[in-house]
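Here are some notes to go with your first look at this one. They are numbered so you can check each against the view.

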Amino acid sequence: MELSIIHIVSLLATLIVTLLPGIIASRKIKSADDYSVGGRSSGAMLVAGGIIGTIVGGAATVGTAQLGFNLGLTAWWFTLGGGIGLLIMAFFYAVPLRQSGLTTISEFLVGNYGTTAGFFSSLSATAGIFFSIVASTLTALHLVTGILKVSLSSSAVIIVLVVMGLVFFGGISGSGMAGLLKIIFIFATIFVGGLLAYNDAGQWRGLHAALPDYPWFNLFGRGVQDGIYSLLSMIVGVISTQTYVQAIFSAKDSRTAAIGCVTAALIVIPVGLPSVMIGVFMRINHPDINSIDALPLYLLNYLPDWLGGVGIGAVLLSALSSIAGLALGVGTMLSRDIIKNVWRKIDSVHLLWTGRISVLLVTVCAVVFVFHHLDSSVLQWNYLSMALRASGIFLPLTFAVFFPGKVNPKAGMAAVIAGILVACGWGHVFDSEINGLFPALGANLLCLLPGLLYGLWKKQAH
């Protein structure tokens, strides 16, 4: 990747403009609540920005273009499924979650199933989100190394520093404002690039002349089972993610939380399409390139230098702000669900700094992990992440939202633990093509349904 002076100037300007909100927001951070949920005063756009800043990351841009380069339209499942998951969250989960006045998913589960269920759900969520951080870190390392022509270790240092600038001081408010700016840059560059790529490829007729319909223009290009799994894993993964729920908790009221979710969904769903189109265009015209470089190479070579620099900045920010938002979610769970329970007398100021340090440590751990998996697929880690989060959280959370106080707490605790064990052990015990997510959800139901019936019977008896 060769950058001109204009590329570099517009890239740096994009980074600076996006980093400023986090620095400005830090002046208002006085307590752990300010840091984690913005003092519960966020408007709908800031809620949407907090969600978008995380979900539209390296997987939604570079990773989707990578899979589009290799297989075509099936790469759209990531943002399509993510957006559908956000719509479901807006209509069914946002109001009860915001009305709870809590900060983490685990706190919500503790209130319904007890502390043991909360502890295991924290483990499930932390492990799942960690692999999403890995996916975005993988994207960011390739980008920074290719753009700046520096070593991988230097790229790692740059990534950690920028992530810290995005959320270390500003927390959820800084993440939300950065997310809004980032999506403006993405619409101004990647959407323009997708339209140009479609036109330059000869539009629909040219695309069909260059590539066969299957798998390139079929959502089920890797098979119906894989497509259904991709969709379901995104839906349940989104609903089970601390960072997105944390944005809901930050809203000033329940209605604002729901509107913020819908706004984010309507923006997220179409974001993957131009990335897919660019990936397909690069496959037709540059089939020998490394697939993960499809999007950045297009932005640098097919857009005007000033716009290409903004585009590279937007893509880089997509990966970095996703790392930042996810690390913020993990840091919040570590500080509130684990450290706070161990160190019971911790005050708000110390809890604030505990959260910040947790964000830093999680980011560093993800970078170290990626160094051992540099040639892996971005979306591979994201789908694994969604399955891990959902196995111990999605159905227990769903039953707690729709049947508050009606599920026997022991059954809820058993569902959390059983889902995690099945998800982790399924592939090692059974030689099956069925992904561990579905058996894990089945294990959840085997515990939750009897627990619900028992809870209803007990209440009726009383």
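1. Let's begin with helix H12. Its buried residues are Gly227, Tyr229, Ser230, Ser233, Met234, Ile235, Val236, Gly237, Val238 and Ile239. Keep in mind while looking at any of this that the model is predicted.

2. Still on H12, which covers residues 224–239: with 16 residues at 1.5 Å a residue, the helix should span 22 Å, and the distance between its end C-alpha atoms is 23 Å, so the two agree.

3. Now zoom out. The protein chain has 20 helices and zero strands. Its radius of gyration is 21 Å, close to the 23 Å that the globule rule gives for 462 residues, so the chain is as compact as a globular protein of that length. If you want a feel for the dimensions, the C-alpha trace spans about 70 × 50 × 40 Å along its principal axes.

4. How much of the chain is buried? Of the 462 residues, 60% count as buried. The accessible surface of the protein chain comes to about 17,700 Å², and carbon and sulfur atoms hold 68% of that.

5. The contacts are worth a look too. Taking those in the protein chain with a separation of 6 or more, 85% are between residues 24 or more positions apart.

6. For a close-up of such packing, try Thr64, which lies in helix H4 (residues 59–71). Is Thr64 buried or exposed? Its relative accessible area is 0%, which means that Thr64 is buried. With neighbours within four places in sequence left aside, Thr64 is in contact with Ala59, Ala75, Phe78, Gly272, Ser275 and Val276.

7. Two spots in the backbone deserve a second glance. One is the peptide bond from Tyr214 to Pro215, which is cis, with omega near 10°. You'll find Pro215 in helix H11 (residues 213–216).

8. The other is Gln203, where phi is near 55°, a positive value in a residue other than glycine. Gln203 belongs to helix H10, which runs over residues 203–210. As for its surroundings, Gln203 has a relative accessible area of 39%, so it counts as partly exposed.

9. Last, the charges. The protein chain carries 22 positive and 16 negative ones, and the mean positions of the two sets are 17 Å apart. Try colouring by charge to see how they are spread.

How values were computed:
Residues numbered from 1 in each chain as written. Predicted model: local features only at pLDDT ≥ 70, side-chain atom pairs only at ≥ 80, totals over all residues. Heavy atoms only, no water. Helix = DSSP H or I, 4+ residues; strand = E, 2+ residues; numbered from the N terminus. Rg over C-alpha atoms; globule rule 2.2 N^0.38 Å. Buried < 20%, exposed > 50% of the residue type's maximum accessible area, 1.4 Å probe, protein only. Contact = heavy atoms within 4.5 Å. Areas by Shrake-Rupley, 256 points an atom, 1.4 Å probe, with all protein chains shown as cover. Lys, Arg positive; Asp, Glu negative; His and termini not counted. Charge placed at Lys NZ, Arg CZ, Asp CG, Glu CD. Expected span 1.5 Å × (residues − 1).
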